[in-house]
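These are my notebook entries on a single structure. I looked up strand pairing, burial, salt bridges and helix packing, in that order.

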Amino acid sequence: MKAKVKNLIVITGLSGAGISSAARAVEDANIQVVSNPPASLLVDVFNAPSIQIKDFLCLTIQLNSKNDTQGIIQFLKHVKVASPKTKVEVWYLNASNEVILNRFRRQRRPHLIKNEDGVEENAIGIESSIDEQRKLGSKVFDLATWEIDTSQTSENDLRQMITQKVNFINEKKQTFDISIASFGIEKDRQVPLDFLFNCRDLPNPYWEEELKKKNGLDAVVKEYVLNNATSKQFLDNIEEVIWNGISLALHSNRAGIAIGFGCTGGQHRSVCVSEEMVDRIKNSSRLDKIPNIQFNVFVSHLARSSWNN
C-alpha cells in the first residue's frame, strides 16, 4: 500500500511559543502547510484529493479546547491505521510562562482558550490561560517526537533548526551558493555584493611589459601576484572573513552570499585572487564539518570582455 503522504508534520503546542514562525519556516522549505483546520476536519484534510501522494504535508493545530486535544489524538490514530507507511512527526512548541506572557503583552492580543462549547474564556486572564492550555496539551505533548522550547530561541534560530530538521527527514541537503566575482573598480561600480575586497595594493602585473597583456588566468600572472608574503597574508585574512560570513549567512537561513574582488582594470589581480579563493573554499576541510549543506561555488570575471583592450 502506497502512503498517501510520505511525511506528515503536525505542529502544535502553546500559543505564543512560535507555531506561526515554525509554519513559515516549513513553507520556506517548499512544504504545503494547512494552518489551523478544525480538529474535527483533520481526517478530511489528510484524505483530500488535492494532497494525495505528496512527499510532505504539514498541519498546524491550535490547542484551545479539549476538542482540539482529542481531535489530534484521534487523527494520529487514524493516520497510523489508514496510512501506516506515512512517517509522522509531531512538533510541540513550548516556552516558559514568563516568556509567553511577555510576548502576549507586547503584541497586545488576548489568549483564546475555549470551553467545551467553543466559547472563548478571555476573562480568566492570560496567565491562567497559559496554565490551562498547558494542561490541555499534556496528552499531545506525550506524543511529540520533537519538543521545541523557544524560551531562549530567536525566530532566526527557530527557522534554522526547522530547516535542518526538514533536510534530515527528507534526506536532502540544503543548497548554499557562494558567488565570487572579479571586476574593475573603475568600470563595474554597480555590483550587488555582500563582501567587497580591494586588491589594488597587491603587486600589479600591468607594469611588467611581458605580463601587461596577459590576465589573471595565466600561470605566470598568478605566480607574480600571489607568490609573495603580502598576498598570502591578504588571502589568509580574507578567507577567515569569508568563512565567518558564510557561518552568519547560514545562521540567518540565507541561500548564499556574493563576494567581489576588485582591482583597477579587473584583468590581473582581482582575477588571480578570485580564482585562488574559489580553490581554497572548494578544498577546505570546513565544508565537511557543516552537515546537510550542499555548497555550490561559482566564479565570474565581469571585466573579461575588455581584457587586453
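**Entry 1: the sheet**

I began with β7 and found that four bridges join it to strand β8 (residues 256-263), the two running parallel. Strands pair here if DSSP finds at least two bridges between them. Helices (H or I, at least four residues) and strands (E, at least two) are DSSP runs, numbered from the N terminus. I note the provenance: this is a predicted model, in which local features need pLDDT of at least 70 and side-chain atom pairs count only at pLDDT 80 or more, while totals for chains, interfaces and linings use all residues. Residues are numbered from 1 along each chain as its sequence is written, and side-chain values use heavy atoms, with hydrogens and water left out.

Within the β7 and β8 pair, I located Phe197 opposite Phe261 of β8. I then traced the open sheet of four strands, whose order is β7-β8-β6-β9 with parallel pairing. Its edge strands are β7 (195-198) and β9 (293-301), each of which pairs on one side only. From one strand to the next, the twist averages 15°.

**Entry 2: Thr60**

I looked up Thr60, which is found in strand β3 (residues 54-60). Its relative accessible area is 3%, so Thr60 is buried. The terms are: buried, under 20% relative accessible area; exposed, over 50%; partly exposed, in between (1.4 Å probe, protein chains only).

Which residues does Thr60 touch, not counting residues up to four places away in sequence? I listed Ile11, Ile19, Ala23, Val33, Val34, Ser35, Asn36 and Pro37, where contact means heavy atoms within 4.5 Å. For Ile11, 49 residues from Thr60 along the chain, I noted a C-alpha separation of 4.6 Å.

**Entry 3: faces of α5 and α8**

In helix α5 (residues 126-136), I found Ser129, Ile130, Gln133 and Leu136 buried. Seen down the axis of α5, these buried residues fall within an arc of 125°, so they line one face of the helix. The arc is that of the directions from the helix axis to the C-beta atoms. On the other side of α5, I recorded Glu127 and Lys135 as exposed. As background, an α-helix has 3.6 residues a turn, so residues three or four places apart point the same way.

In helix α8 (residues 219-226), the buried residues are Val221, Val225 and Leu226. They cover an arc of only 105° around the axis, which puts them on the same side of α8. I noted that their cover includes α9 (229-251) and α10 (269-282).

**Entry 4: packing of α8 against α10**

How do I describe two packed helices? By the angle between their axes and the distance between the axes. For α8 and α10, the angle is about 90° and the axes are 9 Å apart. Axes are lines fitted to C-alpha atoms, for helices over the stretch in contact, and angles run from 0 to 180 degrees between N-to-C directions. I therefore entered α8 and α10 as roughly perpendicular to each other (65 to 115 degrees; under 35 is roughly parallel, over 145 roughly antiparallel, and the rest oblique). On the α8 side, the contact is made by Val221, Lys222, Val225 and Leu226, and on the α10 side by Arg269, Cys272, Val273 and Glu276.

**Entry 5: salt bridges**

I found seven salt bridges in the structure, each being a side-chain nitrogen of Lys or Arg within 4 Å of a carboxyl oxygen of Asp or Glu.

Arg24 and Glu155 form one, with the closest N and O atoms 3.1 Å apart. Arg24 lies in helix α1 (residues 19-28) and Glu155 in helix α7 (residues 155-170), so this pair ties together parts 131 residues apart in sequence. Arg24 is partly exposed at 38% relative accessibility, and Glu155 is partly exposed at 40%.

Asp28 forms a salt bridge with Arg159, the closest N and O atoms being 2.3 Å apart. With Asp28 in α1 and Arg159 in α7, this pair also ties together parts that are 131 residues apart in sequence. Asp28 is partly exposed at 48%, whereas Arg159 is buried at 17%.

In α10, I returned to Glu276, whose side chain meets that of Arg280 in a salt bridge (3.3 Å, N to O). Being four residues apart in helix α10, the two are separated by about one helical turn. Glu276 is partly exposed at 24% and Arg280 is buried at 19%. I closed the entry with the network of salt bridges that links Asp236, Glu239, Glu276 and Arg280.
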